[in-house]
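Please open the model in a viewer and keep the selection panel at hand. The tour proceeds by successive selections, each followed by a description of what is found there.

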Amino acid sequence: MDRERRIPADLAESVEKAGVYQLFLPARMGGPQLDPMTAYRVIEEVSRVEASVGWCGLLSNGGAVFAGNFTPKAAETMFGCPPDFRCAGSFRALGESRPVPGGYRVSGRWDYASGISNANWLFVNSRVVDEAGPRLNEAGRPDTVMLFTPIETAAVYDTWQVVGLCGTGSNDFELDGIFVPAERSFRLYDPPLERGFLYSPRTMLIAIWVLVSAVALGTARGAMDAFKELATGSGTTISTTLLRDRPQVQSKVGEAEAIISGARAHVLDTVGRAWESYTEDMPLPSPDLTQARLAITRSIHEAARAVDILFHAAGTNAIHRRNGLERRWRDVHVVVQHGAGLLSNYEFGGQALMGLRPSDAGW
């Protein structure tokens, strides 16, 4: 995966057959519509073996959440029955959509489309424009629309030259005047057709971003697996004493384990509380949503901290690709760069805790 910078097609097919790409797809479309805690455990376990596969799973499930905006008829036309749903795309409003009879003409170039080499559908966020230029919404901000389009309509550019999550193949893609029917479009924060925690504009980011936490902590658990294998069979360049027999290493392993397990318990507990307390008229801001959002961000950083501890405890062993630890180290430090790990989430959480209304969505 590092060399080819994509998930091999046969592996992606197996992952799709297992249902990993459609955990959040609505039941009325033939999906499992799992709760976030169960979906977390799926992505965590996959990421324990290979973070890139878990990452593509989480991104496709972001698209599955967005599918809650489609009618059953539109969804069956798009995905089939049973559904064939392997989604990639971009949340960034980088392109433009021009209203035309029956839908939109969409043009633009988007980046970070994880899993695009194995996807069959793309979601894109775009600015709405007309003859007068960019449209504004009621709040005076640029009007945007989300759209789904088949993968065949896009030109894909090989831009994914990175240090970690190499197998995600998160390349750029371009649409050039592609027609998208209106039934395949929706406004991101309008009330969706599908009701409930997974699809609500208030809570969908928790459902999606807890899977970022699952990739991070699953990667950390994989790093622990790799370290223990290394520690039971290797010393270092300056000592033949096995790593497992060194008190300072034992201490670091215990510390890393406490960090991983503690962060995991925290995020599952808070997201579970948010899930159980969800109502459509939750207070704004919501204490339960605030705690879940904070736990997600913290868990991602804690995962990276734990992997750092193990990486340094391994000494020069850590830098060799044969050990599997260095790949987890690279991967988890790319995961931290996602929006779910931004330190500004702490600022928004602090605003909510002090009775202010955060300027970000999803609190």
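Which residues does glutamate 194 touch, not counting residues up to four places away in sequence? In this predicted model, select glutamate 194 together with Pro26, Arg28, Gln33, Gly68 and Tyr199, as these are the residues that it touches beyond that sequence window. Glutamate 194 is situated in the loop that runs between strand 8 (185-186) and helix 5 (204-231). With a relative accessible area of 12%, glutamate 194 falls under the 20% limit and is therefore classed as buried.

Next, select residues 1-56. UniProt, in an unreviewed entry, assigns the feature "domain: Acyl-CoA dehydrogenase/oxidase N-terminal" to this stretch. Over residues 1-56 the chain is 52% helix and 0% strand. The C-alpha atoms at the two ends of the stretch are 13 Å apart.

Now centre the view on valine 20, in the loop between helix 1 (9-17) and helix 2 (36-49). Is valine 20 buried or exposed? Valine 20 is buried, its relative accessible area being 8%. Add Val15, Val42, Ile43, Gly57 and Asn61 to the selection: valine 20 is in contact with these residues, its neighbours within four places in sequence being left aside. A distance label from valine 20 to serine 60, C-alpha to C-alpha, should read 8.6 Å, although 40 residues separate the two in sequence.

Move on to helix 6 (residues 247-277) and select isoleucine 259 within it. Isoleucine 259 has a relative accessible area of 8% and is buried. Apart from residues up to four places away in sequence, isoleucine 259 touches Glu302, Arg305, Ala306 and Ile309. Leucine 217 is 42 residues away along the chain from isoleucine 259, and their C-alpha atoms are separated by 9.8 Å.

Finally, display helix 7 (residues 287-313) and helix 8 (residues 325-335). How far apart are the axes of helix 7 and helix 8, and at what angle do the helices pack? The axes lie 9 Å apart, and the packing angle is about 155°. This angle is over 145 degrees, so helix 7 and helix 8 are roughly antiparallel to each other. Their crossing is left-handed. To view the contact, select Ile300, Ala303, Ala304, Val307, Asp308, Leu310 and Phe311 on helix 7, and Leu325, Glu326, Arg328, Trp329, Val332, His333 and Val335 on helix 8. Coloured by residue class, this contact shows ten nonpolar, one polar and three charged residues.

Terms used: Residues are numbered from 1 along each chain as its sequence is written. This is a predicted model: local features need pLDDT of at least 70, side-chain atom pairs count only at pLDDT 80 or more; totals for chains, interfaces and linings use all residues. Side-chain values use heavy atoms; hydrogens and water are left out. Axes are lines fitted to C-alpha atoms, for helices over the stretch in contact, and angles run from 0 to 180 degrees between N-to-C directions. Helices (H or I, at least four residues) and strands (E, at least two) are DSSP runs, numbered from the N terminus. Angles under 35 degrees count as roughly parallel, over 145 as roughly antiparallel, 65 to 115 as roughly perpendicular and the rest as oblique. A crossing is left-handed if the near helix is turned anticlockwise from the far one by less than a right angle, and right-handed if clockwise. Contact means heavy atoms within 4.5 Å. Ala, Val, Leu, Ile, Met, Phe, Trp, Tyr, Cys and Pro count as nonpolar, Asp, Glu, Lys and Arg as charged, and the others, Gly among them, as polar. UniProt positions are given in the numbering used here, feature names are shortened, and annotations may be inferred rather than shown by experiment. Buried means under 20% relative accessible area, exposed over 50%, partly exposed in between (1.4 Å probe, protein chains only).
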